[in-house]
Amino acid sequence: MFRISWLLGLILLNSCQDRKQPATNQATIPVCETGEAIPSRVAYFKTDSSRTKVKPGSTQGMVRIPGGDFTMGSNEFEDTQPLHAVHVDAFWMDEHEVTNAEFAAFVKATHYVTVAERPLNPADFPGVPAADLVPGSAVFTPPTQPVSLENPLRWWSYVPGANWKHPKGPHSTYKPNDPVIHVSYEDAAAYAQWAGKRLPTEAEWEFAARGGKAQATIYYWGNDLKPKGQWVANIHQGHFPDHNAQEDGFAELAPVKTYPANAYGLYDMEGNVWEWCSDFYRPDYYAQSSKDNPKGPQDSYDPQEPGAVKRVQRGGSFLCSDQYCIRYKSGSRGKGEVSSGSNNLGFRCVISL
């Protein structure tokens with residue numbers, strides 16, 4: 001039998017410290033300063049580039065983003081400061097997150113095997129019997145009662161057999177129009193290469209998410225959490241993590257294009273699933289960022305996990321909650337170890353003009 005308890009003990013975590021922040025109603029709420037604490041899967045397998053075949057990128061289903069100047073970042077989080085001027089050139093961006101149907105076409109054409117489907121290397125788990133190292137991925141498993149927010153393992157489980165085809169485990173199936181999930185950075189990059197595209201820089205991503213707004217707003221869609229009383233993004237309502245009131249219509253994933261597009265015609269730039277960006281993650285990068293088309297630092301460093309290679313993630317997910325993680329807000333950042341996936345992590349692609 002798969003002994004999940006000690007395997008989870010070996011998985012690296014993005015530790016989260018609760019922090020008091022003023023809310024819009026002047027109350028104080030605990031905020032996860034570092035984003036959602038999603039278990040990391042130890043890196044061991046490098047992408048075999050022979051599995052993918054580059055083809056000319058098609059702009060069908062993409063939106064032309066005009067490019068321009070904006071002030072990047074946010075004063076609300078330590079790793080999104082300082083605010084700094086950025087220019088990005090025009091580019092094309094997928095109008096929505098890559099879906100299961102689109103990813104399935106890639107897998108059918110290339111026979112690609114995602115990281116979550118590959119065997120784990122016993123060398124990365126010293127002392128653990130090889131028979132217990134079963135391929136799988138992190139799945140949000142809400143508890144039945146309130147729990148401390150200091151330990152993410154109270155609501156995350158490493159599920160053997162969980163992957164993009166089986167999002168909750170071997171007996172589950174995916175929905176074609178849902179965002180593909182359980183994709184690591186290398187999985188996303190492999191798809192982008194096959195499609196003749198690339199992953200966006202976080203500067204491109206933030207510029208696109210702002211939808212041409214001259215001034216930053218609290219949320220990418222504006223300053224009201226519920227414009228005209230309506231939820232416009234898939235996030236967590238209710239008591240986190242044990243009760244989701246589903247006021248937005250979904251407990252977890254929503255099909256792409258469920259909520260209104262922004263002014264550029266882009267869907268789900270907030271909530272639903274986190275999205276991989278091409279930049280390495282460093283919390284201090286903004287102080288050294290270049291102004292023109294910044295592509296991120298040369299290497300990765302996270303003081304909470306110094307040995308882990310991480311890339312930036314953007315947009316938040318269906319787990320974002322004002323009770324725990326508010327990193328779906330404008331200018332916020334996420335981060336993830338490059339070989340890790342979860343059932344709230346996906347991506348979209350871009351093409352340079």
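Q: Which residue in β6 is the bridge partner of Arg64?
A: In this predicted model, Arg64 has Trp92 as its bridge partner in β6.

Q: What makes β3 and β6 a pair of strands?
A: Two strands count as paired when at least two bridges are found between them. Strand β3 (residues 62-65) and strand β6 (residues 91-94) are joined by 4 bridges, so they qualify. The two strands run antiparallel.

Q: How do you know that β6 also pairs with β13?
A: The cut-off is again at least two bridges, and 3 bridges join β6 to strand β13 (residues 350-352), so this is a pair too. It is also antiparallel. One of the partnerships is that of Phe91 with Ser352 in β13.

Q: Why are β11 and β12 called edge strands?
A: They belong to an open sheet of 4 strands, in the order β11-β10-β9-β12 and with mixed pairing. Strands β11 (334-337) and β12 (345-346) each pair on one side only, and that makes them the edges.

Q: What makes β10 and β11 partners in that sheet?
A: Pairing takes at least two bridges; strand β10 (residues 310-314) and β11 have 4 bridges, so they pair, in the antiparallel sense. Among the partners, Lys310 is matched with Glu337 in β11. As a general point, strands of a sheet pair through backbone hydrogen bonds, either parallel or antiparallel.

Q: Why is Thr114 called buried?
A: Buried means under 20% relative accessible area. Thr114 has a value of 0%, so it is buried. Its place is in the loop between α2 (100-110) and β7 (136-140).

Q: What makes the meeting of Thr114 and Glu117 a polar contact?
A: A polar contact needs N or O atoms within 3.5 Å. The side chains of Thr114 and Glu117 are joined at 2.6 Å, so the distance satisfies that cut-off. Leaving aside neighbours within four places in sequence, Thr114 is also in contact with Phe103, Trp164 and Asp187.

Q: Is Gly136 buried or exposed?
A: Gly136, in strand β7, is buried, because its relative accessible area is 0% and the cut-off is under 20%. Gly136 and Tyr158 are 22 residues apart in sequence, and their C-alpha atoms are 6.7 Å apart in space.

Q: Why is helix α4 described as largely enclosed by the rest of the structure?
A: Helix α4 (residues 202-210) has 9 of its 9 residues buried, so it is largely enclosed. Among these buried residues are Trp205, Phe207 and Ala208. Just after α4 comes Gly211, with a positive phi of about 65 degrees.

Q: How do you know that Arg210 and Glu206 form a salt bridge?
A: A salt bridge calls for a side-chain nitrogen of Lys or Arg within 4 Å of a carboxyl oxygen of Asp or Glu. For Arg210 and Glu206, the closest N and O atoms are 2.6 Å apart, so the pair passes. Arg210 and Glu206 are 4 residues apart in helix α4, which means they are separated by about one helical turn. Both are buried. They also belong to a network of salt bridges that links Glu202, Glu206, Arg210, Arg314 and Arg333.

Q: Why is Glu204 called buried, and Arg198 partly exposed?
A: Buried means under 20%, exposed means over 50%, and partly exposed lies in between. Glu204 has 8% relative accessibility, so it is buried, while Arg198 has 27%, so it is partly exposed. The two residues form a salt bridge, with closest N and O atoms 2.8 Å apart.

Q: Which parts does the salt bridge of Glu252 and Lys168 tie together?
A: The side chains of Glu252 and Lys168 meet at 3.3 Å, N to O. Glu252 lies in the loop between α4 and β9 (274-280), and Lys168 in the loop between β8 (156-160) and α3 (185-194), so the pair ties together parts that are 84 residues apart in sequence. Glu252 is buried at 18%, whereas Lys168, at 43%, is partly exposed. The whole structure has 19 salt bridges.

Q: What is the mean pLDDT of the chain?
A: The mean is 87, and 84% of the residues reach 70 or more. Residues 1-31, however, stay under 50, and over residues 41-54 the pLDDT is also below 50. Where pLDDT is low, the predicted coordinates should not be read in detail.

Terms used:
Residues numbered from 1 in each chain as written. Predicted model: local features only at pLDDT ≥ 70, side-chain atom pairs only at ≥ 80, totals over all residues. Heavy atoms only, no water. Buried < 20%, exposed > 50% of the residue type's maximum accessible area, 1.4 Å probe, protein only. Polar contact = N/O pair within 3.5 Å; in protein donor to acceptor, adjacent residues only side chain to side chain. Contact = heavy atoms within 4.5 Å. pLDDT = per-residue confidence, 0-100.
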